[in-house]
Amino acid sequence: MDSHNAIVQQVSARVKKFHDDKKPFYIYHGFTNNLTRPSKKSTSNTIDPSGPNRVLGIDRTRKVALVERNTPIDMLVNAILPHGFIPPVVMEYPGITVGGGLAGRPGESSSYEYGFFDRTISWIEIVIGNGEVLHALPTDNSELFIGAACSFGTLGIATLLEL
């Protein structure tokens, strides 16, 4: 968790600096795109939270996993399958990350029974626009918790999720 917390603090400090300086910024999501127009992104105006991609813990009793934002769903499944369970909703494209599943709200073949992927999330750690790191749950910061689903990252940068 120390490595994770250090990364979150770096992201938080960078967001806070942009906020305090009243400067707009971009978020790098760890992939390239096929845009044909020139990009305004540079190292001076972009935050790169793309690194965290680990399953940090598995609680077999509660059947939950603590997962960083950029963990691909296939990596999550491979990590928890030996413990005897899988996520109720597994995105069918293996490269989709759990953070992408929150932000994009995919519906998959098992969603008819369990709902969209975000319904399998117990809580999120998220860096909001002023750099503050919050935990959002259905009972605490509930509007942020509900709003983060299908927000495409506009409400903040999710850094850790419990599924």
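Here are three short exercises, with worked solutions, on a predicted model.

**Exercise 1.** Work out which residues of α2 are buried and how they are arranged around the helix axis.

*Solution.* Start with the list: Ile73, Leu76, Val77 and Ile80 are the buried residues of α2. Now look down the axis of α2: these buried residues fall within an arc of 95 degrees, so they line one face of the helix.

**Exercise 2.** Find where Pro87 sits, whether Pro87 is buried or exposed, and what Pro87 touches.

*Solution.* First, place the residue: Pro87 is in the loop between α2 (73-80) and α3 (98-104). Next, check accessibility: the relative accessible area of Pro87 is 8%, and buried means under 20%, so Pro87 is buried. Then go through the contacts, skipping residues up to four places away in sequence: Pro87 touches Ile73, Leu76, Val77 and Ile80. Those names should ring a bell, since they are the buried residues of α2. Finally, grab one distance: Pro87 and Leu76 are 11 residues apart along the chain, and their C-alpha atoms are separated by 8.5 Å.

**Exercise 3.** Take Lys22 and Asn141, and work out what phi is near in each and how accessible each residue is.

*Solution.* Begin with the backbone. Phi of Lys22 is near 55 degrees, a positive value in a non-glycine residue; for Asn141, phi is also near 55 degrees, and this residue isn't glycine either. On to location: Lys22 lies in the loop between α1 and β1 (26-27), while Asn141 lies in the loop between β6 (133-136) and α5 (142-148). Last comes accessibility: Lys22 has 72%, and the cut-off for exposed is over 50%, so Lys22 is exposed. Asn141, with a relative accessible area of 33%, is partly exposed.

Conventions:
Residues numbered from 1 in each chain as written. Predicted model: local features only at pLDDT ≥ 70, side-chain atom pairs only at ≥ 80, totals over all residues. Heavy atoms only, no water. Helix = DSSP H or I, 4+ residues; strand = E, 2+ residues; numbered from the N terminus. Buried < 20%, exposed > 50% of the residue type's maximum accessible area, 1.4 Å probe, protein only. Contact = heavy atoms within 4.5 Å. Arc of directions from axis to C-beta.
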